[in-house]
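This report goes through selected side chains and backbone positions of one model, grouped by residue. Charged groups come early, followed by the surface and the loops.

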Amino acid sequence: MPEVKLRKGEPIERAIRHLRKKMDKENVMDEYKSRQAYIPPCEARRRAAGIIR
């Protein structure tokens, strides 16, 4: 999990922005969304091939 340390006098908004950038860089949200529901292997193959319903 990405971690951001807040410096003395640094606004919270800036720390949140840094955290979001780190999460985007490490694809944390993409992995979270992909694990929300089970995808059967046949559906995963279809998505990888580009044949999405």
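In this predicted model, the side chain of Glu 10 reaches the backbone nitrogen of Arg 7 at a distance of 3.0 Å. Glu 10 is located in the segment that precedes helix H1, which covers residues 12-25. Leaving aside residues up to four places away in sequence, Glu 10 touches Lys 5, Ala 15 and His 18.

Glu 10 is buried, yet has no salt bridge. Which side chain of opposite charge is nearest to Glu 10? That side chain belongs to Arg 14, and the distance is 4.7 Å. A salt bridge requires a nitrogen of Lys or Arg within 4 Å of a carboxyl oxygen, so the 4.7 Å between Glu 10 and Arg 14 does not qualify.

**Salt bridges**

Side chains of opposite charge can pair when their charged atoms come close. How many salt bridges does the structure hold? There are three, and they are listed here with the N to O distance of each pair.

| Acidic residue | Basic residue | N to O distance |
|---|---|---|
| Glu 31 | Arg 35 | 3.1 Å |
| Glu 43 | Arg 46 | 3.5 Å |
| Glu 43 | Arg 47 | 3.8 Å |

Glu 31 pairs with Arg 35. Glu 31 is partly exposed, at 40% relative accessibility, whereas Arg 35 counts as exposed at 64%.

Glu 43 has a relative accessible area of 11%, and therefore counts as buried. The side chain of Glu 43 meets that of Arg 46 in a salt bridge and that of Arg 47 in another. Both pairings are within helix H3. Glu 43 and Arg 46 are three residues apart in this helix, which spans residues 41-49, so about one helical turn separates them. Glu 43 and Arg 47 are four residues apart in H3, and their separation is likewise about one helical turn. Salt bridges with shared partners join Glu 43, Arg 46 and Arg 47 into one network. Within this network, Arg 46 is partly exposed at 36% relative accessibility, and Arg 47 is partly exposed at 44%. Glu 43, by contrast, is buried.

**Helix H1 and the surface**

Leu 6, Ile 12 and Ile 16 form a nonpolar patch on the surface. Together these three residues have about 260 Å² of accessible area. Ile 16 belongs to helix H1 and is partly exposed, with a relative accessible area of 38%. Patch residues need over 30% relative accessible area, a condition that Ile 16 meets because its value is 38%.

Arg 17 is also a residue of helix H1. At 49% relative accessibility, Arg 17 counts as partly exposed. The cut-off for exposed is over 50%, so Arg 17, at 49%, does not reach that class. Arg 17 and Val 4 are 13 residues apart in sequence, and their C-alpha atoms are 9.8 Å apart in space.

Is Met 23 buried or exposed? Met 23 is buried, with a relative accessible area of 15%. Its place is in helix H1. Not counting residues up to four places away in sequence, Met 23 touches Pro 2, Val 28 and Met 29. The C-alpha atoms of Met 23 and Met 1 are separated by 8.1 Å, and the two residues are 22 apart along the chain.

**Loops**

The loop between H1 and helix H2, where H2 covers residues 28-34, contains Asn 27. Which sign does the phi of Asn 27 have, positive or negative? The phi of Asn 27 is positive, at about 55 degrees, although this residue is not a glycine. Asn 27 is partly exposed, at 41% relative accessibility.

Tyr 38 is found in the loop between H2 and H3. At 68% relative accessibility, Tyr 38 counts as exposed. Tyr 38 and Ala 49 are eleven residues apart along the chain, and their C-alpha atoms are separated by 18 Å.

Definitions and conventions
Residues numbered from 1 in each chain as written. Predicted model: local features only at pLDDT ≥ 70, side-chain atom pairs only at ≥ 80, totals over all residues. Heavy atoms only, no water. Helix = DSSP H or I, 4+ residues; strand = E, 2+ residues; numbered from the N terminus. Buried < 20%, exposed > 50% of the residue type's maximum accessible area, 1.4 Å probe, protein only. Lys, Arg positive; Asp, Glu negative; His and termini not counted. Polar contact = N/O pair within 3.5 Å; in protein donor to acceptor, adjacent residues only side chain to side chain. Contact = heavy atoms within 4.5 Å. Patch = residues over 30% accessible without salt bridge, like charges linked within 9 Å, V, L, I, M, F, W, Y side chains within 5 Å. Areas by Shrake-Rupley, 256 points an atom, 1.4 Å probe, with all protein chains shown as cover.
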